[in-house]
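Here are some short exercises to work through at your own pace. Have a look at the model first, then try each task before reading its solution.

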Amino acid sequence: MFLTQALVLAASFATAGLVAIVVGPPLFHDHLLQIGRQIGAAELPHIERAFTDAGVTSLAVGFLVALGLALLASWYETKRLRRPLEHLTAVASQVSAGDYTARVPKAGFSSELDTVGDAFNDMAHRLDATEDTRRRLLSDVAHEVRTPIATLTALLEAIADDITPWNNETQHLLLLQTERLQRIARDLDAVSRAEEGRLSLVPEPVEISELVELAATTARSRYLAKGVTLVKQSEQAHVMADPQRIAQVFGNLLDNALRHTPVGGSVLIQGRQHGGTVTVTVTDTGDGLTDDQLDHVFERFYRADLARARDAAGAGIGLTISRGLAIAHGGSLTATSPGEGHGATFTLTLPAATHTSSAPGEPGNTTDAPSTGRRPRDLIDHRQGADT
């Protein structure tokens, strides 16, 4: 860039000098003739030569001064630009080598370079988060697989050595471990299809209050067993959605809220329509989420409380699948929390149906919601749908 700027200056000077030499003397000669005084033939060449020499000398001195200043300014700006580019190159090399914690410092050279640096840092942060999730995934899968494999190995060796007889109890233990391995495989496949958008949907006009009622009815026994209050409120609004998949989302959200709400707490599931969208919120009075946990809560196999989650039934993919289902329906799933210990709110947003088989009614209790042709008991249980 420095050499290019120098060549541009030299070309500019050559062009200016050529134009001055070609155009200047004839114009000067014409002006001398317009004076009206008689100038001798011997004097005229000297006058024109003096003009040419003065012009060339002035151009040369001006060019040298301008070239020196321009080159100095170009060298300074090139040096300033080179420093942030070297930093970016160095950090890019670190990231390519696997160090995802490397960050580009603020250049301060220009807003454009700062934007590039911010975009690179955001990419490095996402790569770091992805790598952390990958390590956690491998650790979780290894932990989940290790126990059934060890049990299967021990049982088979005991059977081979005639230490354990082959009977119904032994067969049952082997089936339990193989089912556990199958569940892990189904979980991995489910989260993969959710993140890649390969989930099959059969959308139809659905009354959201019926789905809320179904989800609350299905989860109520588990809430009673733990001592957590479940409250439901829903307006009568229609969405174009796959009822089985949305029931699966509600079930995942309610199970997640129950898992993180202590005895004596409460969970509210509420459905409302806002213009062209329908939102369903699940608000609990449980553990709450920190800002860092909110950034990762929808990542596959992410567990906000690792120590407790080891003993939990969830595999850490319910929220990931739920967000994938929400996006597949043209909606979204977000999480908010006032902070740790202050509960959390998960908000599912879906497009409202433009044409329904029956006109929406006034807001009311979910128990009295009008039927859309599909009864709650006809919908798939969300616990079964979580594996599909």
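**Exercise 1.** Find which residues Thr-170 is in contact with, leaving aside its neighbours within four places in sequence.

*Solution.* Start with contact, which means heavy atoms within 4.5 Å. By that test, Thr-170 meets Ile-159, Thr-164 and Pro-165. Next, place the residue: Thr-170 belongs to helix α4, residues 168-196 (helices are DSSP runs of H or I with at least four residues, numbered from the N terminus). Finally, Thr-170 has a relative accessible area of 3%, so it is buried (under 20%; exposed is over 50%, partly exposed in between, with a 1.4 Å probe and protein chains only).

A word on the source: this is a predicted model, in which local features need pLDDT of at least 70 and side-chain atom pairs count only at pLDDT 80 or more, while totals for chains, interfaces and linings use all residues. Residues are numbered from 1 along each chain as its sequence is written, and side-chain values use heavy atoms, with hydrogens and water left out.

**Exercise 2.** Describe the surroundings of Leu-181, which is in helix α4.

*Solution.* First, accessibility: Leu-181 is partly exposed, at 26%. Then list what Leu-181 touches beyond four places in sequence: Val-145, Pro-148, Ile-149 and Leu-152. Now take one of these partners, Ile-149: it lies 32 residues from Leu-181 along the chain, yet their C-alpha atoms are 8.4 Å apart.

Conventions:
Helices (H or I, at least four residues) and strands (E, at least two) are DSSP runs, numbered from the N terminus.
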